[in-house]
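Here are my notes for you on this one. Have the picture open while you read, and take the points one at a time.

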Amino acid sequence: MKKILTVAVMTALLLAIATTAMAATGLGSVTSVKLTPAGASAGNVSVNTTMCAVTLDEAGKIVAVQFDVVQPKAAFDATGAASGDINAAPQTKKELKEGYGMVKASAIGKEWFEQAAALEAWCVGKTVEEVCAMKTFDRGDGSHTMVPDEADLKASVTVTVGDYLEALKKAAAVAK
């Protein structure tokens, strides 16, 4: 019995080592900051951090990928005094789920986390280079400058993906 247990443990350990040797995981992020000065109305500062975790196989194909975004905001008056709960820990878009409220503005009736899941599924099996070469278009509204223009993504992803692709590149560089 002891030998069987030892063999089972060794087999599991070798499998774990072999699996780890075949895949590499990396994390990347892209952050932007927008400041609106206080005037007649309150000013605010918002930070947008897009994160990507990616696992690549030995051939450089994406085995798994996760995107998420956190958008903490703070308001202040003309004297610089902060308003609101500046100590509240912000939730990511995936944590917010339906609470993010994108479905109201979505032309395809999908919430952000649903669109992210569709993009993630589309990426699996491709190289980072293939994903980053996806066709995109500019909606012309100043905010959505890189919306996927791939036939198999148009019905499921309408968000701009520029920061997602940049975070993916950074994650992949760490994974290599």
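The points below go from the whole chain to its aromatic rings.

1. First, keep in mind that this is a predicted model. The chain has 176 residues, and 30% of them count as buried. Its accessible surface comes to about 10,500 Å², with 61% of that belonging to carbon and sulfur atoms.

2. Now try tracing the chain. You should find 5 helices and 7 strands. Going along the sequence, the order is α-β-β-β-β-β-α-α-α-β-β-α. As for contacts, take those between residues at least 6 apart in sequence: 53% of them join residues at least 24 apart.

3. On to the rings. How many aromatic pairs does a search of the whole structure find? It turns up 2. One is Phe 67 with Tyr 164: the ring centres are 5.5 Å apart and the planes make an angle of 35°. Planes under 30 degrees apart would count as stacked and over 60 as edge-to-face, so with 35° this pair is called tilted.

4. Where do these two residues sit in the chain? Phe 67 belongs to strand E3 (residues 62–70), while Tyr 164 is part of helix H5 (residues 162–175). The pair therefore ties together parts that are 97 residues apart in sequence.

5. Are Phe 67 and Tyr 164 buried or exposed? Buried means under 20% relative accessible area. Phe 67 has 1%, so it is buried. Tyr 164 has 6%, so it is buried too.

6. Tyr 164 also pairs with Trp 112, and here the geometry is edge-to-face. The centres are 6.3 Å apart, with 75° between the planes. Trp 112 lies in helix H3 (residues 112–123) and Tyr 164 in helix H5, so this pair ties together parts that are 52 residues apart in sequence. Trp 112 is buried, just as Tyr 164 is.

7. Put those pairs together and you get one aromatic cluster, made of Phe 67, Trp 112 and Tyr 164. Tyr 164 is worth clicking on when you look at this cluster, as it pairs with Phe 67 and with Trp 112.

8. Last, look for lysines over rings. The charged end of Lys 97 sits over the ring of Phe 113, 4.4 Å from the ring's centre. Then there is Lys 126, which lies over the face of Trp 122 at 4.3 Å from the ring centre.

Key:
Residues numbered from 1 in each chain as written. Predicted model: local features only at pLDDT ≥ 70, side-chain atom pairs only at ≥ 80, totals over all residues. Heavy atoms only, no water. Helix = DSSP H or I, 4+ residues; strand = E, 2+ residues; numbered from the N terminus. Buried < 20%, exposed > 50% of the residue type's maximum accessible area, 1.4 Å probe, protein only. Contact = heavy atoms within 4.5 Å. Areas by Shrake-Rupley, 256 points an atom, 1.4 Å probe, with all protein chains shown as cover. Phe/Tyr/Trp six-rings, centres within 6.5 Å; stacked < 30°, edge-to-face > 60°. Lys NZ or Arg CZ within 6 Å of the ring centre and 35° of its normal.
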